[in-house]
Amino acid sequence: MKTNPKLIIATLVGISIGGIGGIAIRGQQVKAAPGYLIAEVEVTDPDKLQNYAEKVEQTLAPFHYHFVVRTSKAQALEGDTPKSRIVIIAFDSAEKAREWYDSPAYAAIRPIRQSAAKSRVFIVEGVAPQ
């Protein structure tokens, strides 16, 4: 049986192209960094804030989210202990967190929270999964 050098070279080139293509595809499948909405909420009108709390999850429903933290219990390790409620909501990305915050559904109830509490609300980008 006689080996054909052109066939061997063509096979090796094909394998190399396939390997490089696989690496490129895996590189494109890198997940986006998650986004987190973080809020410190000092309640000034508990009844009004309860009204907000009953409605906020409906505004989140269309977005892929989950609560990471929702508490008023914090331990200070350095500095003062927060006197407010702390809420952290995880989204697929910072952009998705902003889409929720700017959504018409949330814009409709945001004034309830703003009149029932003093808040600091911000969005941060998390670390992309490896």
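This is a short tour of one protein model, stop by stop.

**Stop 1: the whole chain**

Keep in mind that the model is predicted. Start with everything shown as a cartoon. The protein has 4 helices and 4 strands. Follow the chain from its start, and the pattern reads α-β-α-β-β-α-α-β. Of the 130 residues, 25% count as buried. Now think about who touches whom. Take the contacts between residues at least 6 apart in sequence: 76% of them join residues at least 24 apart.

**Stop 2: the sheet**

Select the strands. In what order do the 4 strands lie in the sheet? The order is β2-β3-β1-β4, in an open sheet with antiparallel pairing. Look at the edges next. β2 and β4 (residues 117-125) stand there, and each has a single partner strand, so one side of each has no neighbour in the sheet. From one strand to the next, the twist averages 15°.

**Stop 3: β3 and its partners**

Select residues 85-91, which make up β3. Is β3 largely enclosed or left open by the rest of the structure? It is largely enclosed, because 6 of its 7 residues are buried.

Add β1, residues 35-43. β1 and β3 run antiparallel and are joined by 7 bridges. To see one facing pair, select I38 and find I88 of β3 opposite.

Now add β2, residues 65-71. Here 6 bridges join β2 to β3, again antiparallel. Two facing pairs help you find your way. Y65 stands opposite F91 in β3. T71 stands opposite I86 in β3.

**Stop 4: V69 in β2**

Select V69, which lies in strand β2. V69 is partly exposed, with a relative accessible area of 24%. Setting aside neighbours within four places in sequence, V69 is in contact with I86, V87 and I88. Try the distance tool on V69 and V87. They are 18 residues apart along the chain, yet their C-alpha atoms are separated by 5.1 Å.

**Stop 5: F91 in β3**

Move to F91, found in strand β3. Is F91 buried or exposed? F91 counts as buried, since its relative accessibility is 3% and the cut-off for buried is under 20%. Show what surrounds F91. Beyond its neighbours within four places in sequence, its contacts include L37, L60, F63, Y65, A97 and W100. G35 is another contact of F91. F91 and G35 are 56 residues apart in sequence, but 5.1 Å apart from C-alpha to C-alpha.

**Stop 6: helix α2**

Select residues 46-60, helix α2. Its 15 residues reach 21 Å from first C-alpha to last, close to the 21 Å expected at 1.5 Å a residue. Look along the helix for a bend of about 25° at E54. α2 lies across β1, β2 and β3, and runs at about 160° to β2.

Colour L49, Y52, V56, T59 and L60: these residues of α2 are buried. An α-helix has 3.6 residues a turn, so residues three or four places apart point the same way. What covers the buried residues of α2? The cover includes β1, β2, β3, α3 and α4.

**Stop 7: helix α4**

Select residues 104-116, helix α4. α4 bends by about 30° at R110, and a proline, P111, follows within four residues. Buried here are Y106, I109, R110, I112, R113 and A116. They pack against β1, α2, α3 and β4.

Zoom in on I109. Apart from neighbours within four places in sequence, I109 is in contact with Y52, K55, V56 and T59.

**Stop 8: the core**

Finish inside. How many residues does the largest nonpolar core have? It has 18. Select Y52, V56, I89, F91, W100, Y106 and I109, the residues with the most contacts inside this core. Which elements each supply at least two residues of the core? They are β1, α2, β3, α3 (94-102) and α4.

Leave the core residues shown and bring the cartoon back. You can now trace F91 to β3 and Y52 and V56 to α2. Y106 and I109 belong to α4.

Notes: Residues are numbered from 1 along each chain as its sequence is written. This is a predicted model: local features need pLDDT of at least 70, side-chain atom pairs count only at pLDDT 80 or more; totals for chains, interfaces and linings use all residues. Side-chain values use heavy atoms; hydrogens and water are left out. A nonpolar core is a set of buried Ala, Val, Leu, Ile, Met, Phe, Trp, Tyr and Cys residues joined through side-chain atoms within 4.5 Å. Buried means under 20% relative accessible area, exposed over 50%, partly exposed in between (1.4 Å probe, protein chains only). Contact means heavy atoms within 4.5 Å. The expected span of a helix is 1.5 Å times one less than its number of residues. The bend at a residue is the angle between axes fitted to the seven residues ending there and the seven starting there. Two strands pair if DSSP finds at least two bridges between them. Axes are lines fitted to C-alpha atoms, for helices over the stretch in contact, and angles run from 0 to 180 degrees between N-to-C directions.
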